Amino acid sequence: MPDDLTLPEPVGSFPAAGQPVPQHWSRCFGCGDQSPAGMSMSFTAGEGLDVWGRLEVAPRYQGGPGVIHGGILSTAFDEALGMVCRSIVDGPVVTGHLEIDFARPIPLGSVLEFHARIDGSIRRKVYASAEARIVEGPTADPDVVVATSRGLFLTVTAEHFEKTKDFVDGVPERPFGTSSI
Ligand SMILES: CCCCCCCC(=O)SCCNC(=O)CCNC(=O)[C@H](O)C(C)(C)COP(=O)(O)OP(=O)(O)OC[C@H]1O[C@@H](n2cnc3c(N)ncnc32)[C@H](O)[C@@H]1OP(=O)(O)O
């Protein structure tokens, strides 16, 4: 992480603490309510430049026997880190770099809570980090961090999605948020 990062003020469009952070795109696999095969993650604004996220670990997310697939967990972190970028960016962002540390097995049937925060930004780059805890399920322990993540997100303009908008899956009824097409 660069050592000349700054911590901007929150943007006016970001919800107040404790309020839901809306999906950024209804067809998003991570958070969209028009993505039937998706993960339906939900998010709440934190007290500062942070968000809380929730994922129910469905049986279809299985990787090894009885545990979440690492790619699913990575997707959840991608979503959580992208969501927290909305606290300081009033426009689309995309993932440039994503790191995950898998600390503990996560059984199917768990409910994961994610806490993501802004570490700083410079130019178009936003650095964010997050951790996950199991808050419901067979091995729930809110004091144990089961995985952590760091990511770099780049602000982009609407033109970023221009080349792919013809490939949108379905007709979105509710296009809104930072990466609406
Ligand atoms: C609310 C939103 C929630 C979203 C959740 C889900 C998010 C996603 O999954 S998005 C999908 C996955 N990501 C993508 O498809 C992005 C694909 N990649 C790209 O389009 C491009 O590489 C992109 C936009 C990231 C960067 O390209 P470009 O805009 O040309 O940036 P570029 O000018 O090269 O670099 C800008 C800066 O970022 C840095 N940078 C770019 N990529 C990286 C990288 N991978 N690692 C480190 N630094 C990088 C550059 O070094 C440069 O830094 P500096 O300002 O210090 O010179």
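Q: Why does Arg 123 count as exposed in this predicted model?
A: Exposed means over 50% relative accessible area. Arg 123 has 69% relative accessibility, so this residue counts as exposed. Arg 123 lies in the loop between strand 4 and strand 5 (125-136), and its phi is positive, at about 50°, although it is not a glycine.

Q: What makes the approach of Arg 123 to the ligand a polar contact?
A: A polar contact requires a pair of N or O atoms within 3.5 Å. A polar side-chain atom of Arg 123 lies 2.8 Å from an oxygen atom of the ligand, so the pair meets the cut-off.

Q: Which atoms of Asp 78 and of the ligand form a pair that meets this cut-off?
A: A side-chain N or O atom of Asp 78 is 2.7 Å from an oxygen atom of the ligand, and the limit is 3.5 Å.

Q: What part of Gly 96 comes within the limit for a polar contact with the ligand?
A: The backbone does: one of its N or O atoms lies 2.9 Å from a nitrogen atom of the ligand. How much of the ligand does the protein cover? Of the 1100 Å² of accessible area that the ligand has on its own, 53% is covered by the protein.

Q: Which elements give two or more residues to the shell around the ligand?
A: These are helix 1 (70-85), strand 3 (93-102) and strand 6 (145-155). Strand 3 gives the most, with four residues. By class, the shell has five nonpolar, six polar and six charged residues.

Q: Why is the one aromatic pair of the whole structure called edge-to-face?
A: Two rings pair if their centres lie within 6.5 Å, and planes over 60 degrees apart count as edge-to-face. The ring centres of Phe 77 and Phe 114 are 5.1 Å apart and the planes stand at 90°, so the pair is edge-to-face. Phe 77 belongs to helix 1 and Phe 114 to strand 4 (residues 111-122), so the pair ties together parts that are 37 residues apart in sequence.

Q: How do you know whether Phe 77 and Phe 114 are buried or exposed?
A: Buried means under 20% relative accessible area. Phe 77 has 0% relative accessibility and therefore counts as buried. Phe 114, at 0%, counts as buried.

Q: Why does Ser 40 count as exposed?
A: The cut-off is over 50%, and Ser 40 has 52% relative accessibility, so it counts as exposed. Ser 40 is found in the segment before strand 1 (42-45).

Note on methods
Residues numbered from 1 in each chain as written. Predicted model: local features only at pLDDT ≥ 70, side-chain atom pairs only at ≥ 80, totals over all residues. Heavy atoms only, no water. Polar contact = N/O pair within 3.5 Å; in protein donor to acceptor, adjacent residues only side chain to side chain. Areas by Shrake-Rupley, 256 points an atom, 1.4 Å probe, with all protein chains shown as cover. Nonpolar A, V, L, I, M, F, W, Y, C, P; charged D, E, K, R; others polar. Phe/Tyr/Trp six-rings, centres within 6.5 Å; stacked < 30°, edge-to-face > 60°. Buried < 20%, exposed > 50% of the residue type's maximum accessible area, 1.4 Å probe, protein only.
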